[in-house]
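Keep your viewer open and follow the selections in order. Each stop says what to pick and what is there.

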Amino acid sequence: MSVDDAGSKLVHIAVPAAYVQHVAALLAELDDWGVQARPVPRQPRPRPPEAADWPTTELRQFARGRSKSHDTVLRMLDLLSTRPGEWFSAEEVCATIGVPRHRLGGALAGVSRMLRAHPAFRDLGLPLNRYVPSSLDGETGTFYWISPEQARRWQEIRAEPT
């Protein structure tokens, strides 16, 4: 790629005098590389893995939680189960279940700590899927979803008399 191919647009950059020769050499090297100097297009990231498959007994026990944090996460799971496989942003979850963003984050953190401390739940993680895109993905925020099987089991458990 020559200077003519790059267009006539110039950008002025202040470079310490001691580095002018190095910068000139790098620019010449880039001209020699031509097309190879262009960044490789980013491939789409694979979908994150599904959450751990919770056994029905433990999922039923989890659904009986009564703390404020539990209540928030239970309502979130109720929402996610209405549209399995669909990604909900944290903002959508908050708006739909009626909690401020900081309360959702606090509830998820509190329930996560409780799960890690509980012998039956320690290795299961949250019963939902979470994806936080990297800055390279072009998306921001946090997304949550559950699979159709997770949704079916959750709705079945929530329909049981308490």
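Select T72. Its relative accessible area is 0%, so T72 counts as buried, the cut-off being under 20%. T72 sits in helix α4. Now show its surroundings. Leaving aside residues up to four places away in sequence, T72 touches I97, V99, R103, L104 and A107. This is a predicted model, so keep that in mind at every stop.

**Zoom out to the chain**

Colour by secondary structure. You should find seven helices and three strands. Their order along the sequence is α-α-α-α-β-α-α-β-β-α. The chain has 162 residues, and 32% of them count as buried. Turn to the contacts between residues at least 6 apart in sequence: 68% of these join residues at least 24 apart.

**Helix α6**

Select residues 101-117, which form helix α6. Does the helix have the span expected of it, or a departure from it: what do its ends say? At 1.5 Å a residue, its 17 residues should span 24 Å. The end C-alpha atoms lie 25 Å apart, which agrees.

Next, pick out the buried residues of α6: L104, A107, L108, G110, V111, S112 and L115. Two of these names, L104 and A107, appeared among the contacts of T72. What do the buried residues of α6 pack against? Show α3 (56-63), α4 (68-82), α5 (90-97) and β3 (143-145); these are the partners.

**α4 against α7**

Keep α4 and add helix α7, residues 148-159. Two packed helices are described by the angle between their axes and the distance between the axes. Here the axes come within 9 Å and cross at roughly 125 degrees. The two helices are therefore oblique to each other. The crossing of α4 past α7 is left-handed.

Show side chains at the contact. From α4, display L74, L77, D78, S81 and T82; from α7, display A151, W154, Q155 and R158. Colour these by class, and you get four nonpolar, three polar and two charged residues.

**Last stop: G141**

Select G141, in the loop between β2 (129-131) and β3. Is G141 buried or partly exposed? Its relative accessible area is 35%, so G141 is partly exposed. Setting aside residues up to four places away in sequence, G141 touches Y131, V132 and P133.

Finally, draw a distance from G141 to E91. The two are 50 residues apart along the chain, and their C-alpha atoms are separated by 8.5 Å.

Terms used
Residues numbered from 1 in each chain as written. Predicted model: local features only at pLDDT ≥ 70, side-chain atom pairs only at ≥ 80, totals over all residues. Heavy atoms only, no water. Helix = DSSP H or I, 4+ residues; strand = E, 2+ residues; numbered from the N terminus. Expected span 1.5 Å × (residues − 1). Buried < 20%, exposed > 50% of the residue type's maximum accessible area, 1.4 Å probe, protein only. Contact = heavy atoms within 4.5 Å. Axes fitted to C-alpha atoms, helices over the stretch in contact; angles between N-to-C directions. Parallel < 35°, antiparallel > 145°, perpendicular 65-115°, else oblique. Left-handed = near helix turned anticlockwise from the far one by under 90°. Nonpolar A, V, L, I, M, F, W, Y, C, P; charged D, E, K, R; others polar.
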